[in-house]
Amino acid sequence: MNTLNEAKKNLQEKGFLAIETPKNINYVEEINKLRKEKNAVILAHYYQEDAIQDIADFVGDSLALAQKAANTDADIIVFAGVHFMAETAKILNPEKKVVLPDLKAGCSLADSCPPAEFEAFKKLHPNHLVVSYVNTSAEIKALTDIVCTSSNAEKIINSIPKDQPIIFAPDRNLGAWLIKKTGRDMVLWDGACMVHEAFSIEKILNLYAENPESEIIAHPESEAHLLKVAKYVGSTSGLLNYVKNSPAKTFIVATEVGILHKMRQESPDKILIPAPVEDDNCNCSECFYMKMNTMKKLYLCLKHELPDVEVDAELSKKALVSIERMLELSK
């Protein structure tokens, strides 16, 4: 069995504490006990596995989680999500301890925008204001004027004077959708989320033909041809609310499948069909990174307060400006 010291030595390489736990451990009981003892809050994204969503103090989309992180009075923030989310929580709470069950829980969209390349791109458009999606690294947020999420992106774009040119990064699909919604001619960075680009429009339309009473609903990170056929396009929380309030009974849901857990809890009378993907051999509508967090890793990171997320103080100060602008505009 690995000792704590051995696990700490291998932490950077593995991304999590590789320690065995007792076979009969009740993770729910242990986590509940630890969070009370340590005054910890567990924040979880809708794309986390069901058990993590059920034990979290708060489950939300990127905007709601950022707002919650900004206002928590907990001493420790356990972020059950991906790295950029925990990093954002740390930027908002430099004095608090922020832990992430697995440091290697990254984001394909954030990875699609390397800071050095983006900085060079920004220099090519010197008069442009930069709006970046929250799914980015702290380095990108430091190069950004206003951060946004899919919940508030339209509102934020509309708050900017019409004669002000804009760079939108990193998601080209969300950016193209926003151009259509707002009528703004923005310069787009060429990034994307691998989960939202995996859906098969042909299979979705076949599924719709078999279920003509259903409604196709999609996240705006999806490709344009899918958004064109969707009855409703919206953020993760927007999709949840739409299912709850729509008179329709059946929905084809084009976003990460983790959302179906909360949808079923909130709308038990609705029939939810996950949108199919191109590759039959791949569970591509699941975010591999989001599912790297497990109850075991959550328990260990809360117990040992590792792995913790740190952000360089200067970088944090720069990145905070764009995040705070978003929070102010989202009130």
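User: How many helices and strands does the secondary structure of the chain come to?
Analyst: This is a predicted model. Its secondary structure holds both helices and strands. The count comes to 17 helices and 12 strands.

User: Which radius of gyration does the chain have, and why does it agree with a compact globule?
Analyst: The chain has 331 residues. A compact globule with that many residues would have a radius of gyration near 20 Å. The chain's own value agrees, because it is 20 Å.

User: What box do the C-alpha atoms of the chain fill?
Analyst: The box is taken along the principal axes. Its dimensions are roughly 55 × 50 × 35 Å.

User: What share of the 331 residues counts as buried?
Analyst: A residue is buried when its relative accessible area is under 20%. By that cut-off, the buried share of the chain is 57%.

User: What share of the accessible surface belongs to carbon and sulfur atoms?
Analyst: The accessible surface of the chain comes to about 14800 Å². Carbon and sulfur atoms account for 50%.

User: Which domain of the chain is assigned as one unbroken range?
Analyst: Domain 1 is given as 4-105 + 289-310. Domain 2 is given as 109-193 + 317-329. Each of these joins two ranges. The remaining assignment is 201-285, and that is domain 3.

User: How many residues of domain 2 are in contact with domain 1?
Analyst: The C-alpha centres of domain 1 and domain 2 lie 27 Å apart. Contact here means heavy atoms within 4.5 Å. Domain 1 brings 12 residues to these contacts, and domain 2 brings 15 residues.

Note on methods:
Residues are numbered from 1 along each chain as its sequence is written. This is a predicted model: local features need pLDDT of at least 70, side-chain atom pairs count only at pLDDT 80 or more; totals for chains, interfaces and linings use all residues. Side-chain values use heavy atoms; hydrogens and water are left out. Helices (H or I, at least four residues) and strands (E, at least two) are DSSP runs, numbered from the N terminus. The radius of gyration is taken over C-alpha atoms; the globule rule is 2.2 Å times the number of residues to the power 0.38. Buried means under 20% relative accessible area, exposed over 50%, partly exposed in between (1.4 Å probe, protein chains only). Accessible areas come from the Shrake-Rupley method with a 1.4 Å probe; for residues, only the protein chains shown count as cover. Domain bounds come from an automatic or database domain assignment.
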